[in-house]
Structure formats: C-alpha cells, structure tokens
Amino acid sequence: MKKVKFPFWTGFLLVILLWYGGRYFYFQPTFDVREQAPDFEATLLNGVPFKLKDVRGNHVLVHFWGSWCGPCRQENPALTAIYNQYQEKKFTIVGIAIEKNSNNWRQAIERDQLNYPYHILDQTSNFKFFDAPLSKLYGVKQLPSNFLLDERGTIIAVNLTPPQLEAHLKEKL
C-alpha cells in the first residue's frame, strides 16, 4: 500500500482554518435577530432598581463593555453622539460594564462622558470576566458586544458598529 504524503503547509493550513472556524463559532452571540431579549433586573449606577422591560417602547441598545477594553473605550464617544442625536426619538442605551473594580467603571463613565441614564455594573470577583451574571445570561464572550432591541424587546440586530447603529436608527426612527 502506497502512503500518501501531504506537504507540511497543507497540515498547517488545515490547523489554522480549524482554529479560526472554531473561534468564529465560539464568539457568536447566544441570541440572534428576531428572538426576544432576556429580561433582567439590576441596580443602576445611581442605586435605582432597573428592569429591562421598563424601557420597552424604545429602541434599546444593550451594550456590553469594560473600562479595561480599548475598543470599547474607543467607540464610547460615537455611541454617546448617537444617543444624543436619537434620544428624543425613543432610543436609549443600557450600558453593562463587565468589571472587577467598580471604581474603574465609575471613572470610565465620567471620563468618556457617557450621559445616557442606564449604567449597570456586571461585576465579577474572579478572573473569568464572562462569568458575570448578565454576560452569562446574554452569552457574551467578547467585548464590545451589543444587542439592538425594538420597542417590543425583540432583538433586531447584533454587534453593530457605531456607523451601522446610526444607519439602522436613521432607517427605523
């Protein structure tokens, strides 16, 4: 029986493709478009209780971020500008920060001038950031992650960049 030999690069390429493919599927959000967003209760930065269902009637961006996340901090000014532009048209942002240290979260909100009213700390005490309760509920495995909800609480888009979000809101509102 004759052995078939494959060049080294073929095996290497196969390993790379499998790794990227597995990584792609691992980081896909748990929820997708046309699904109802899971409701939750939390406490806001100002100590007021919050329920996601309380903001129904608005388009809502459920935005997972962290003070330690460079890409998150880079998109914060654009999200604030979008909020300022569309808040009068029934759009709001629910910012959920995955953090170990609440002081860093508070400082980031102040420094980035995040003026939308709903700030939630999804605190973790261990080194597994995505084991915090809300990030687990939504299946978040990377930051930033977001879910755009319609006025009924149905997910209508996932992981939009700020320009995509603005285009979506321009069309819907």
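Which elements do the buried residues of α3 pack against? They contact β3 (59-65), α2 (70-86), β4 (91-99) and β5 (118-123), with contact meaning heavy atoms within 4.5 Å. The model is predicted: local features need pLDDT of at least 70, side-chain atom pairs count only at pLDDT 80 or more, and totals for chains, interfaces and linings use all residues. Residues are numbered from 1 along each chain as its sequence is written, and side-chain values use heavy atoms, without hydrogens and water.

**View 1. The two sides of helix α3 (residues 102-111).** Trp105, Ala108 and Ile109 are buried (under 20% relative accessible area, 1.4 Å probe, protein chains only). They lie on the same side of α3 because they cover an arc of only 100° around the axis, taken from the directions from the helix axis to the C-beta atoms. On the other side, Glu110 and Arg111 are exposed (over 50%). Helices (H or I, at least four residues) and strands (E, at least two) are DSSP runs, numbered from the N terminus.

**View 2. The ends of α3.** At the start, a side-chain oxygen of Asn101 comes to within 2.7 Å of the backbone nitrogen of Asn103. Just after the helix, Gln113 has a positive phi of about 55°.

**View 3. Strand β4 is largely enclosed by the rest of the structure, because nine of its nine residues are buried.** One side carries Phe91, Ile93, Gly95, Ala97 and Glu99. Thr92, Val94, Ile96 and Ile98 occupy the other.

**View 4. The strand neighbours of β4.** β3 and β4 pair in the parallel sense over seven bridges (pairing needs at least two DSSP bridges). Val62 stands opposite Val94. β4 and β5 also pair in the parallel sense, over six bridges. Here Val94 faces Tyr118.

Notes
Polar contact = N/O pair within 3.5 Å; in protein donor to acceptor, adjacent residues only side chain to side chain.
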